[in-house]
Each structure stands twice: as C-alpha cells, then as structure tokens.
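Thanks for coming. I will go through one model today, starting with its rings, then its charged side chains, then the DNA. Please have the sequence and the viewer open.

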Amino acid sequence: MNLLNGLNPEQLAAVTLPRQHALILAGAGSGKTRVLTTRIAWLIATNQMTPQQVLAVTFTNKAAKEMMARLTAMLPINVRGMWIGTFHGLCNRLLRTHYRDAGLPQLFQILDSSDQLSAIKRLLKSLNVDDEKYPPRELQHFINGQKEQGLRPSAVEAWDGYTKKRVELYEAYDAQCNKEGVVDFSELLLRSYELLSRNEALRRHYQERFRYVLVDEFQDTNVLQYKWLKLLTGEEAAMFAVGDDDQSIYAFRGADVGNMRDFEREFKVANVIRLEQNYRSHGNILDAANAIIKNNDNRLGKNLWTDAGAGEPIRIFEANSDLDEARWIVEEIKALARDGHARAEIALLYRSNAQSRVLEHALFSAGLPYRVYGGLRFFERQEIKHALAYLRLIANPDDDTSFARVVNFPTRGIGARSVEQLQDAARAAASSMFAAIRSVAGAGGTKLAGFAALIGKMKEVAHLPLPELVEHVVDLSGLREHYKADKEGQDRLANLDELINAATSFIAEEGVVGAEGELSADLIAFLAHAALEAGEHQAGEGDDALQLMTTHSAKGLEFNVVFLSGLEEGLFPHENSLVERDGLEEERRLMYVAVTRARQRLYVSHAQTRMLHGQTRYNLPSRFIAEIPAGLVKRLTPKVAKSFGVPPRLTLEQPRAAYASRSSDSGYCIGQTVRHAKFGEGVVINLDGSGSDARAQINFGAVGMKWLALSIAKLETV
DNA sequence: ATAGACATTCTTTTT
DNA sequence: GAATGTCTAT
C-alpha cells in the first residue's frame with residue numbers, strides 16, 4: 001500500500017500496529033507527525049475504522065491543522081467533522097453540544113488567561129481581600145493548578161490557614177464564573193471530564209464511538225488531561241500515545257512526564273516503540289544534542305542517530321555585549337544570504353521574549369525582514385479585546401468581566417464611583433452587573449442605562465452576517481471614533497479593520513451554515529475561536545523573512561540554520577529554574593529541543609554583558625555550552641574585533657572623564673546635585689540610556705535611592 | 001469624572 | 001522596559 005511507502009521499520013511497525021494500547025517514543029525529527037497521520041489514514045483506508053471513530057488530540061492548533069491538512073492530502077475524505085483538535089478545542093465542542101448536562105448556559109463564554117486574572121482581581125475586591133496577602137497572579141496559578149489535577153475546592157487538602165483561605169477563594173471564584181456563565185481554560189477540561197464521568201449514558205456513547213484514541217506530544221499532558229483521555233478511551237478503544245520525554249518543557253504549567261510511565265503501567269503497554277532515526281539534522285548537531293541530554297537523570301532513554309554525514313561543526317561565539325551579539329548575528333545572516341540561504345530558513349531563538357528587542361533592533365537597522373512569533377497575539381490586543389467584549393455582551397450580558405472592561409471604554413461618563421455602586425447593587429441582588437443596572441439611581445444610573453441601551457442597539461443588529469455585526473459594533477461602541485481621535489491609534493484602527501476581515505475569513509472557513517437564530521451561531525463560534533486560538537494572525541506570513549521566536553515556541557519546527565542566542569547562566573538556564581524542583585533538567589530539555597531544531601548549521605552565542613530589566617548584567621557562559629563535546633565545536637572570533645566597542649564598565653576607579661562622556665546627551669552628569677519637587681535635593685550617582693530613555697539614579701539621602709526617567713521626572717539643577 | 005504624571009512592580013516559558 | 005496602579009490637578 002503506497003501510504004506506507006518510505007517508512008522505516010520502526011515507523012512502519014507503529015503505523016500498522018494492531019488495535020492495542022501503544023506508546024511511541026519519538027525523538028526529535030524522527031517523523032512523529034508523519035507516523036500519527038499515516039496511522040489514521042491507514043486505519044481508514046484499510047477499513048479498520050471510519051473517520052468518525054477516531055479521536056486525535058494535539059496541544060496546539062497548529063499541530064491539529066497540520067494533521068488535518070496531511071490527512072486531506074492522503075485520503076479523499078472530509079476532515080471537518082472528525083474529532084481532531086486540541087484538548088481545549090475538543091472540550092469546547094463537547095460542552096457546546098451538551099451544555100445542559102454540563103450545567104452551563106448555552107452561550108457560555110471562554111475566559112483567556114488575562115480575562116481570568118481580571119475576574120480574580122474583581123473577586124478579591126468584592127470580597128475585600130487583601131491582594132498583597134493573596135496576589136491575584138499567585139491565586140490564579142493556584143486555582144489552575146488544582147483544576148489541572150482534577151480537584152474541586154472540596155477535594156483540595158488544606159492544612160494551614162493560608163491554603164484554607166485560598167481554597168475558599170477558589171470556591172468563590174468558581175461561584176462567580178458560574179453566575180456569569182463563563183469558563184476558563186482549565187475549566188473546559190475539568191467540566192467536560194466531570195460531565196463524562198457523571199453521566200453514564202453520555203460516557204458510554206462516546207466510549208462506544210471512539211475506537212482509536214491518538215495523542216500527540218503526550219509528554220505535555222497534565223494529570224487532568226490524562227484522566228480525560230483514560231475516560232474517553234474506556235475499555236474498548238486503543239490509545240496510541242506519541243511523545244518524547246526529552247522534549248517535555250511544560251512542567252511549569254502542570255505537564256507531568258510521569259504520565260508516560262503511568263500510561264505504560266496502567267494500560268499494560270506491551271511494546272514501546274522507539275523512533276530513533278533522525279531525518280532532520282546532521283551528525284554533529286545530533287551528537288551535541290545527545291551529549292547534552294545525557295546529563296539528565298530522569299529519562300526513559302533513547303539515542304538519536306542519522307545516516308546523514310557529520311556536517312558542519314557547531315559554531316560558538318562569545319560577544320562582548322548583547323548589542324554586539326546582535327550585530328554579529330546580522331553580519332552572519334548577511335553572509336548566509338550571500339551564500340544563497342533563504343531567510344525563512346534561518347531562525348533566531350532565545351529563551352525569553354524580552355531578548356527579542358535587541359535582535360529586532362539590529363535586524364531592523366540592517367534592513368533585514370523578520371517575523372516575530374509569540375509576543376502579543378492578535379486577539380490579545382487591547383482594542384481587539386474591547387471589541388470582543390462588546391460582542392460577548394451581546395451574547396451574554398451577564399459576563400461581568402466583559403462588562404467591566406467596556407462599561408466605560410470609550411469613556412462615557414461612568415466613573416469608578418458608579419461602577420462601584422453597580423457592583424454593590426449586583427452583589428445585593430445576586431445578579432450580574434448588567435441586570436443590576438436598573439437599581440442604580442441618580443446621574444450614574446442614567447449613564448448606565450445609556451450603556452444598557454447601547455448593548456440593546458447592538459443586539460438589534462446581531463442577526464446580520466458576522467462581519468457586518470462586527471463592523472456595527474466597532475462603530476456603535478465608539479471604538480472607531482475613539483481611536484481615530486487618538487494620534488497613536490492608527491495601528492489600532494487597522495487592527496479593528498483586521499478583526500472584520502478575520503470575521504469574514506472565519507465565516508468562509510468554518511462558518512456555521514444556515515444558522516438563522518436571533519443570535520447567530522457564527523458569533524458564538526467566532527468568540528470561542530478568538531479565545532482558544534489567540535492566533536498567529538500576523539502580517540508577512542508569505543514573505544522571505546527571518547524567524548524569531550522563543551525556544552518554547554520553536555518546538556515542532558525545523559530550520560536549515562539556527563542561531564541560539566543568549567546562552568548565559570541565569571538566562572538559559574534561567575535563574576528561576578535553579579530553585580525549582582527538577583528545574584535544571586527541564587531547562588536542559590529545552591536546550592535539547594533548541595539544538596535539534598537545526599538541520600545543517602547551528603550557531604550558539606553568548607554575551608559578557610547584557611541589559612536586562614534596565615540593568616547591565618554580567619553573565620557567565622551557560623553550562624550547556626560546556627556540555628557540548630569540544631570535538632564538535634568551532635569557536636569563532638570576531639572578524640573585526642575592535643570595531644564593536646562596548647562602553648567601558650563603570651567602576652569607581654575610573655576617572656571622572658569617563659562619566660562626563662556618558663552624560664553629555666542627557667544634560668546631566670554624575671555627581672551633579674539636583675532638586676526634585678517631592679524628594680528634595682539629591683545627587684546623581686548613575687546615568688543610563690539616552691534620548692527619551694535616559695534615566696538617572698539619584699541618591700536623595702534620607703528619602704533613599706531612586707531611578708528616575710529624565711524625560712518624565714522634572715528635575716531642577718541646583 | 002478624567003487625564004496625565006509618576007512610582008512601583010515584575011519580569012520564563014503558553015494551550 | 002512595559003504594564004499596572006495610584007495620586008493629583010483640572
């Protein structure tokens with residue numbers, strides 16, 4: 001059968017496995033996605049199952065899409081109706097179908113992480129809880145952590161008062177969500193898990209339906225996801241789990257590699273298939289990756305090999321500063337481009353998003369086109385979130401998070417005072433803020449009624465096709481006018497137009513056909529889409545641009561050339577990881593993932609000094625560099641060694657003249673006395689940045705030491 | 001009620 | 001360096 005052509009023996013064994021539980025340990029670049037999709041295609045093509053009988057779960061929308069695209073290419077089937085998707089996407093589908101049984105309103109809305117955070121802040125405020133003692137972020141982490149283990153408040157073990165209080169808050173948070181008809185990400189999972197475990201008929205239905213359950217990136221599943229999979233697999237279906245323990249890099253958000261061992265044991269997996277032949281990288285790169293990961297103790301064990309040649313050595317570069325590093329990368333890229341490398345085949349990877357700035361700056365000045373992945377997503381931009389909040393209120397006026405977001409944006413004379421009154425009224429009536437509007441009297445009440453009328457007006461056009469509805473909402477809400485008046489609002493205006501486009505293409509791609517209700521089903525689907533797929537909705541997709549991203553988001557991708565920058569202690573491995581349990585091992589796996597992204601050439605660089613959080617840091621080279629065998633390495637020295645001069649380090653021993661030169665453009669110099677309206681007299685002890693970014697550290701004596709932005713702080717010279 | 005000035009805080013990774 | 005929060009002047 002030609003589907004199976006070109007598979008190696010292990011891949012073939014995995015693809016054609018009989019209907020039994022299986023664990024596939026798939027190393028980086030070993031053709032994991034191919035195995036997964038070919039297996040589905042093979043099972044269908046050989047009539048072992050119908051397309052309806054498969055459940056395939058991935059972590060990212062990208063992976064799900066790719067799977068569907070490949071399947072379409074292999075088989076003449078319509079993948080639209082198949083249960084292939086992310087955990088969250090599939091749970092959403094489940095809950096939309098069985099909303100009543102799940103105890104949810106039909107039009108429940110999904111909170112993304114930032115919505116969740118503001119919901120928590122609102123909760124703490126309404127309960128008068130000290131947010132110093134219970135930081136919202138920390139509480140969010142706590143709540144999600146419990147949910148990801150499948151624990152409702154009543155099931156959480158709390159021994160100390162602090163935890164008890166947090167559990168209480170968890171309970172109150174859940175109550176608030178229920179009242180408002182919203183669910184957060186982890187709730188999607190937990191809610192559908194509970195739905196299926198409590199409702200026997202429903203569980204049977206799905207267990208009988210799915211004969212094959214396939215899971216991608218199994219090493220990234222958390223406890224709840226594993227339980228969810230177990231439930232759906234039931235007694236009859238066979239679970240096919242593909243994963244790589246060496247690429248487990250999401251423990252920080254609850255992923256539990258232990259699931260791989262548990263799965264093997266609990267499902268009595270008879271044979272574990274290892275895919276160890278790598279089709280991606282040259283030998284040296286693979287050897288380096290193997291050497292690095294060998295330093296981890298907790299491994300299931302596996303060694304990648306390739307029959308491609310050794311290839312090029314790994315190039316290591318030490319820069320004086322982060323700026324230097326960026327400029328060096330630019331020079332190398334220019335040289336690569338001259339040799340005919342496509343820019344899109346070159347990736348710049350870094351550990352944390354903050355590091356992209358310097359690189360972007362250097363690329364921009366050099367006129368090299370680039371594309372940054374991650375960072376601010378389209379649906380996370382404030383103007384988009386505002387527009388979506390209006391749309392959500394149309395669907396569900398009880399969504400207080402959305403309500404609070406836009407009740408006074410654009411400003412319409414409803415201040416903090418009125419909102420507070422409204423919140424009190426809502427609490428007294430145990431209703432949503434929207435429902436409590438009528439009970440607020442006075443001027444504030446009139447304004448609020450006006451807002452309610454505005455939402456009402458939007459509802460009147462809700463039957464229109466989605467793109468038109470969005471357009472009306474953008475206009476009626478006053479968002480368009482507001483950003484038009486804002487001199488820096490042009491980008492935001494463009495994004496709002498882009499939202500209308502997004503609605504158009506959403507309808508074209510996955511529009512619900514013929515839905516003619518008072519509220520379009522398209523709207524609900526679109527809102528879910530916006531929350532679940534924050535979206536790679538970025539320009540420049542097709543261009544030949546350099547690829548910039550974090551090492552995390554590079555997982556699953558590959559490039560001919562990879563630059564791995566900022567390989568410094570404290571940065572990579574990240575300093576926070578050193579105090580976390582098994583943190584260093586996770587960092588090392590991340591390094592392993594990063595290295596194995598490269599096909600032909602790998603650069604590794606680090607800098608002696610780096611600006612971070614507005615401070616200069618002096619970092620040692622990362623321990624991971626030392627873990628690469630010397631025989632695989634070529635150390636590079638700058639071609640024009642002295643041309644990238646770094647400013648001299650400031651030390652007390654240096655003569656005053658050194659300071660004078662640094663200070664020239666800010667108008668201040670070190671040692672100068674200044675007066676601040678509030679802090680009084682002080683002495684400049686350090687200067688930093690230039691132009692509008694210039695800052696000064698000033699010692700105000702008894703008042704203390706302050707860093708002030710010179711463009712903002714009004715300083716008098718004395 | 002609102003806008004703007006300013007300080008403080010918090011920085012890993014993200015479905 | 002950003003994003004958020006707080007304070008002050010209008």
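Which residues do ring pairs link into a cluster with Phe218? They are Tyr226, Phe263 and Phe267, so to speak the other members of the cluster.

Before going further: this is a predicted model. Every value I quote is computed from it.

Staying with the rings, the count for the structure comes to 23 aromatic pairs. One of them joins Trp328 and Phe563, with 6.0 Å from centre to centre and 80° between the planes, an edge-to-face arrangement. Trp328 belongs to helix H13, residues 322–338, and Phe563 to strand S13, residues 559–564, so this pair ties together parts that are 235 residues apart in sequence. Are these two residues buried or exposed? Both Trp328 and Phe563 are buried.

A second pair is Phe378 with Phe379. Their ring centres are 5.2 Å apart and the planes stand at 75°, so this pair is edge-to-face too. Phe378 is buried, at a relative accessible area of 3%. Phe379 has 4% relative accessibility and also counts as buried, because the limit for that label is under 20%.

Rings also meet charges here. The charged end of Arg93 sits over the ring of Trp83, at 4.7 Å from the ring centre. Arg253 lies over the face of Tyr250, and there the distance to the ring centre is 3.9 Å. Keep Arg253 in mind, as it returns with the DNA.

Now the salt bridges. As a reminder, side chains of opposite charge can pair when their charged atoms come close. How many salt bridges does a search of the whole structure find? The search gives 43. I will take three of them and one network.

The first on my list is Lys302 with Asp246, at 2.9 Å from N to O. Lys302 is in the loop between helix H12 (283–293) and strand S9 (314–321), while Asp246 is in the loop between strand S7 (238–243) and helix H11 (258–266), so the bridge ties together parts 56 residues apart in sequence. Lys302 counts as buried, at 9% relative accessibility. Asp246 is buried as well, with a relative accessible area of 2%.

Next, Asp262 and Arg265, whose closest N and O atoms are 3.0 Å apart. Both residues lie in helix H11, 3 residues apart, which is about one turn of the helix. Asp262 counts as partly exposed, at 24% relative accessibility, whereas Arg265 is exposed, with a relative accessible area of 55%.

Then Arg280 and Glu558, again with 3.0 Å between the closest N and O atoms. This pair links distant parts of the chain, 278 residues apart: Arg280 sits in the loop between strand S8 (272–275) and H12, and Glu558 in the loop between strand S12 (546–550) and S13. Arg280 is buried, at 12%, and Glu558 is partly exposed, at 31% relative accessibility.

As for the network, salt bridges link Lys147, Arg152, Asp174, Asp184, Glu187, Arg191 and Glu194.

One uncharged side chain before the DNA. Thr37 is in helix H2, residues 32–45, and counts as buried, at 0% relative accessibility. A polar atom of the Thr37 side chain lies 3.2 Å from the backbone oxygen of Arg34.

Last, DNA strand B. It is surrounded by 32 residues, the closest being Phe59, Arg351, Arg377, Glu580 and Ile712. What is the make-up of that surface in nonpolar, polar and charged residues? It divides into 8 nonpolar, 17 polar and 7 charged. Helix H17 (416–428) and strand S20 (705–709) each supply at least two of its residues.

On the DNA side, 60% of the strand B atoms within 4 Å of the protein belong to sugar or phosphate, and the rest to bases. Three contacts illustrate the backbone part. Arg253, the residue over Tyr250, has a side-chain N or O atom 2.8 Å from a sugar or linking oxygen of strand B. Asn353 uses a backbone N or O atom, 2.8 Å from a phosphate oxygen. Asn408 has a polar side-chain atom 3.1 Å from a phosphate oxygen of strand B.

That is the tour. I will take questions.

Key: Residues are numbered from 1 along each chain as its sequence is written. Chains are lettered from A and ligands numbered from 1 in the order in which they are written. This is a predicted model: local features need pLDDT of at least 70, side-chain atom pairs count only at pLDDT 80 or more; totals for chains, interfaces and linings use all residues. Side-chain values use heavy atoms; hydrogens and water are left out. A residue is near a molecule or strand if one of its heavy atoms lies within 4 Å of it. A polar contact is a pair of N or O atoms within 3.5 Å; within protein, one must be able to donate a hydrogen and the other to accept it, and residues adjacent in sequence count only if both atoms are side-chain atoms. Helices (H or I, at least four residues) and strands (E, at least two) are DSSP runs, numbered from the N terminus. Ala, Val, Leu, Ile, Met, Phe, Trp, Tyr, Cys and Pro count as nonpolar, Asp, Glu, Lys and Arg as charged, and the others, Gly among them, as polar. Rings of Phe, Tyr and Trp (its six-membered ring) pair if their centres lie within 6.5 Å; planes under 30 degrees apart count as stacked, over 60 as edge-to-face and the rest as tilted. Buried means under 20% relative accessible area, exposed over 50%, partly exposed in between (1.4 Å probe, protein chains only). A charge sits over a ring if NZ of Lys or CZ of Arg is within 6 Å of the ring centre and within 35 degrees of the ring normal. A salt bridge is a side-chain nitrogen of Lys or Arg within 4 Å of a carboxyl oxygen of Asp or Glu.
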